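Let's take a walk through this structure together, starting with its nonpolar interior and moving on to its charged pairs. Have the sequence and the model at hand as we go.

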Amino acid sequence: MTTSIQSLSDRPAWKSLQADYRKRQDVHLRKLFAGDPQRGERMTAEAVGIFLDYSKNRITDESLKLLLQLAEESGLRARIDAMFRGEKINITEKRAVLHLALRAPKNASIVVDGENVVPQVHAVLDKMAEFSNRIRSGDWKGHTGKRIRNVINIGIGGSDLGPVMAYEALKYYSDRALNFRFVSNVDGTDLAEATRDLDAAETLFIVSSKTFTTLETMTNAHSARDWSLKGLGGDAKAVARHFVAVSTNAVKVSEFGIDTANMFGFWDWVGGRYSMDSAIGLSTMLAIGPENFRAMLDGFHQMDEHFRTTPFERNLPVLLGLLGVWYTDFFGAQTVAVLPYEQYLKRFPAYLQQLTMESNGKHVTLAGTTVDYDTGPIYWGEPGTNGQHSFYQLIHQGTRLIPCDFIAFGQPLNAVGRHHDILLANVFAQAEALAFGKTPEQVKAEGTPDWLVPHRVFEGNRPSNTLLAERLTPETLGKLVALYEHSVFTQGTIWNIDSFDQWGVELGKVLAQRIIPELESKAAPELNHDPSTNNLIRRSRKFKAKG
């Protein structure tokens, strides 16, 4: 697929947005709402059960019109179509980008290199479902004949963040007879704490690594194998009843001792951070069951179709993505806070960190030229109301502009007294307070002494989106994840960068492989790093020698 050679900053809409920003940068949301009584109802969009209120953003109808024009000038429609057709839009790795195929219905056709990949996807899903049903029913027995009661997923990056987020998000729907844990960090503490109180005879490990060579994952997997065999009498045949693999490397999987019949595959057109609905989600399916897993996939697909077919002015991912560009590139915002008012979504901000920052943390265009504008912002957040008692202070009265995404649900999963009404009251109140603040006159009218007034003023004019859905279900989770996936895609298209490679993770990994033997060597190694790194290695070797 060819890309436009026109620089983003030379596009007519970009220049018009710069002028629009200069004209409106100091206009307060109070004034925007006062001058447009219908704004709160008009600046909303709704699709597939997700309601978006974007009225509390520092935009006018003209701003939005120009942002939509920018999307058109950036070729967003053509790039969406190219992705859905299976074109190799990941240009640096020459790969298609088809996480969309992971949730396509059986009768769909998505062709990669002349082959419809949808039947392959559903074959893996069916295999996952059959295995999940055996574990969940107790039909699958461990080496000693005991039922599996503990499942530990071993992965890192997309092979961990997606599964652990989905497990926590959908815990309400999970089989509580099964205990799920997740190991990702190569720090031995992660594995030690995950296994310390478990019976190896009742524990199944899912080792998730496409190549089965990922350093952190395979280090943990081999240590887990040692722990398992120690608890099972040392019989190497036991591995086949206590380990399964999510991988494409049958040789390595077999060498490890895993029966390749229990290897679940995926494809190079699925990036790690887009893989939670592939076989990487095996732990999710084990927890919530195949039916709920397929409901989650349906939610993904509904949002995919909305993104593919809906005009941009009513397109939820496009609107979110364009607002992100607006704040990043014109207001100079460095971060975005994602604030779910749902305890089950406590790992959702961490999941979005990889999705957004690994995708759009790029400094060169598709053509390899250095950008002259900001790209991917930093995503972070915590569940409400916890965050209100920690970092909201800075969002309300600090010196940085931090756009916020509030996520809430009309119905609770656990109806306990007045809790949900109080929770919803807080999310709506926070968005209101950020937007409108409290003026010096209002503070004085409360009888506040003059000296204290400046401390109690809320400037307001802090932008936010509010996403509201009826209830957190597997289907809803799929919609939310796909919403952010496509928002990231929209931004990457505007910025003319490759949102689907991640070369930035490579250099540190390569250097680590060089340093590992220097730390493990019995004799003092010859070090050829920079003086700081050399000194740190020598100091660490001294600590190790004392152990």
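Which residues have the most contacts inside the largest nonpolar core? Keep in mind that we are looking at a predicted model. The core in question has 124 residues, and Trp-269, Phe-348 and Leu-477 are the ones with the most contacts inside it. If you would like an element to orient by, pick helix α20, residues 474-495, which supplies the largest share of this core with ten residues. In general, nonpolar side chains of soluble globular proteins tend to be buried together.

Now zoom in on Phe-348. Leaving aside residues up to four places away in sequence, Phe-348 touches Met-165, Val-338, Ile-407, Leu-480, Val-481 and Tyr-484. There is also a second core, separate from the first, with 24 residues. Phe-212, Met-218, Val-239 and Ala-245 are among them.

Let's turn to the charged side chains. Side chains of opposite charge can pair when their charged atoms come close. How many salt bridges does the structure hold? The total is 23, and three of the pairs make good stops on our tour.

Begin with Asp-139 and Arg-134, a salt bridge whose closest N and O atoms are 3.3 Å apart. Asp-139 is partly exposed at 47% relative accessible area, and Arg-134 is partly exposed too, at 26%.

The next stop is the salt bridge between the side chains of Asp-197 and Arg-181, with an N to O distance of 2.7 Å. This pair links distant parts of the chain, 16 residues apart: Asp-197 sits in the loop between α8 (188-195) and β7 (203-208), while Arg-181 belongs to strand β6, residues 179-183. Arg-181 has a relative accessible area of 22%, so this residue counts as partly exposed.

Is the pair of Asp-501 and Lys-362 buried or exposed? Asp-501 is buried, with a relative accessible area of 4%, and Lys-362 is buried as well, at 15%. Their closest N and O atoms are 2.8 Å apart in a salt bridge. Because Asp-501 lies in the loop between α20 and α21 (506-520) and Lys-362 in the loop between α15 (348-360) and β11 (378-380), the pair ties together parts that are 139 residues apart in sequence.

Finally, look for a group that goes beyond a single pair: Arg-103, Asp-277, Asp-304 and Glu-485 are linked in a network of salt bridges.

How values were computed: Residues are numbered from 1 along each chain as its sequence is written. This is a predicted model: local features need pLDDT of at least 70, side-chain atom pairs count only at pLDDT 80 or more; totals for chains, interfaces and linings use all residues. Side-chain values use heavy atoms; hydrogens and water are left out. A nonpolar core is a set of buried Ala, Val, Leu, Ile, Met, Phe, Trp, Tyr and Cys residues joined through side-chain atoms within 4.5 Å. Buried means under 20% relative accessible area, exposed over 50%, partly exposed in between (1.4 Å probe, protein chains only). Helices (H or I, at least four residues) and strands (E, at least two) are DSSP runs, numbered from the N terminus. Contact means heavy atoms within 4.5 Å. A salt bridge is a side-chain nitrogen of Lys or Arg within 4 Å of a carboxyl oxygen of Asp or Glu.
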